[in-house]
Amino acid sequence: MNLAKYVFWFAAPTRFVPLARRLIMPLRVVALLMGAFGLYLGFGVAPADAMQGEGYRIIYLHVPASWVAMFAYAMMAFWSFIGLVWRTRLSHLLAHALAPTGAIFAALSLVTGALWGQPMWGTWWVWDARLTSSLLLLLLYLGYLALLGSIDDPQRADRACAVMALLGALNLPVMYFSVRWWNTLHQGASVTPRGASMEPVMLTALLLCTLAAWAWAAATVLQRVLILIAEREAHARWLRALQGEELAAVPAHM
Amino acid sequence: MSEFFNPWWHDWASFFQMGRHGLYVWGSVAAVAAALVGEQLALRSRARRLQRMLREDELR
C-alpha cells in the first residue's frame, strides 16, 4: 500500500486549490456565527469580574488573539519542517501565508493586552517574561516577512524562511511556560488541559471567541495561499518566457 | 441555562461605559475590527494587482 500517495494527496496544487476554495466560505460563516455568539455571551451576559469589574471583558479579544498568534507560528514551523524535509513547494507557501495573519494577531495580542494592562496593572507595558516573549513572537513574524521579501529566488527564500521559522519556534515553549518558570506580572494559566478556573459562561464565551478567531485566521490564510500559488505560477511562467526569448535570441548555427 | 439570555446591563449607557473601562474595552474592539478589516482589504488589493498583471501578460 502506497501510504505516501495518501499522505501527500493534497500536496499537488491541482488538488489543494479546489479544497481551499471550498473551505474558505464555511470557515468565515463559522467564525462570524461563533464570534457573534461568543461576544454576545462575553460582553452581554457574563458577569463582571470580582476585582476587575467590566474591564476584564478584553479577555474575550486578547486571549483568542494570543492563542491564534502562537498556534499560527507553530503551524508555520510545522509546514516549514515538512517543506524542508520533503521538498513540497506548497508547504512553504502555507508557511508564507500564515506569517502576515500570525503577525497581525500577535500585534493585536500586544495591543489588547496593553489596553487591558493600563487600567488593571497601572502600566501599558512591563518587561516580564510573558510580554517580552510575546513581543519576540511579533518580531519573529516580522523578521520572517522581511526575509521572505528580501530574497528574489523563490526556492532560496523558501529554505531561508523555513530555517528561520524553525529556529524561532524555540520561543513558543518559552512563551507558554513563561508564567510558570518566571515570576511574572502577567497572570498564570487559567485554562489548562486539567481544567479551567473560570465561570462556565465566561469559559464558554472564551472558547467560542477562540474558535471564531481560529476559523477566521484559517480562512484568511487559505485566501492568501491561493494568491501565493497564483503568484508563484505567474513568476514561473514569466521566467520560462524570458528564457524562451533568450534562447530564441541565440542564432541557430551557434 | 436561563442566565445565557439575561444581559447584565440594564441600559445602553452602562454597556458603553463598561464600568469605568469603556475606553479600554471599546478601544480593543476597535483595534481588532480595524486590523481584521484592514487585512481583508490588503488581501483584496493584492489579488487585484495579480489579476491586472496576469491580464497584461495575456495581452502582450
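How far should the 28 residues of α3(A) span at 1.5 Å a residue, and how far apart are its end C-alpha atoms? The expected span is 40 Å and the end C-alpha atoms are 40 Å apart, which agrees. The model is a predicted one, so every number here describes a prediction. Just past α3(A) comes Arg87(A), with a positive phi of about 55°.

Zooming out, chain A holds eight helices and two strands. Along the sequence the order runs α-α-α-α-α-α-α-β-β-α, with the two strands sitting just ahead of the final helix. Taken along the principal axes, the C-alpha atoms of chain A fill a box of roughly 85 × 35 × 35 Å. Of its 254 residues, 37% are buried. Sequence-distant pairs feature heavily in the contacts: among those in chain A with a separation of 6 or more, 77% join residues 24 or more positions apart.

Next up is α4(A), a helix of 33 residues. From first C-alpha to last, α4(A) reaches 46 Å, close to the 48 Å expected at 1.5 Å a residue. There is a kink, though: about 25° at Ala99(A), shortly before the proline Pro100(A). As for its surroundings, 27 of the 33 residues of α4(A) are buried, so this helix is largely enclosed by the rest of the structure. After α4(A) comes Gly122(A), where phi is again positive, near 85°.

The helix α4(A) also turns up in the largest nonpolar core, which has 66 residues. Its share of that core is the largest, at 17 residues. The members that touch the most other members are Ala69(A), Met76(A), Ala95(A), Phe105(A) and Ala217(A). Elements giving two or more residues to the core include α3 (59-86), α4 (89-121) and α8 (200-249) of chain A, and chain B joins in too, through α2 (22-59). For a close-up, take Met76(A): leaving aside residues up to four places away in sequence, Met76(A) touches Ala95(A), Leu98(A), Ala99(A), Gly102(A) and Ala165(A). One of these partners, Ala99(A), is also where the kink in α4(A) lies.

Over in helix α5 of chain A sits Thr132(A). Is Thr132(A) buried or partly exposed? With 18 other C-beta atoms within 10 Å, Thr132(A) is partly exposed, because a residue counts as buried at 20 or more. Thr132(A) and Met175(A) are 43 residues apart in sequence, yet their C-alpha atoms are 8.6 Å apart in space.

Chain B is another story. Its secondary structure comes to two helices and zero strands. The radius of gyration of chain B is 22 Å, whereas a compact globule of 60 residues would have one near 10 Å. The box filled by its C-alpha atoms along the principal axes is roughly 65 × 30 × 15 Å. Just 12% of the 60 residues of chain B count as buried.

Finally, the interface. On the chain B side, 24 residues are in contact with 29 residues of chain A. Sorting the chain B residues that touch chain A gives 16 nonpolar, five polar and three charged. Contact between the chains goes along with a shared interior, as α2 (22-59) of chain B gives two or more residues to the largest nonpolar core.

Key: Residues numbered from 1 in each chain as written. Chains lettered and ligands numbered in written order. Predicted model: local features only at pLDDT ≥ 70, side-chain atom pairs only at ≥ 80, totals over all residues. Contact = placed C-beta atoms within 7 Å. Nonpolar A, V, L, I, M, F, W, Y, C, P; charged D, E, K, R; others polar. Helix = DSSP H or I, 4+ residues; strand = E, 2+ residues; numbered from the N terminus. Rg over C-alpha atoms; globule rule 2.2 N^0.38 Å. Core = buried A, V, L, I, M, F, W, Y, C linked by C-beta atoms within 7 Å. Expected span 1.5 Å × (residues − 1). Bend = angle between axes of the 7 residues up to and from the residue.
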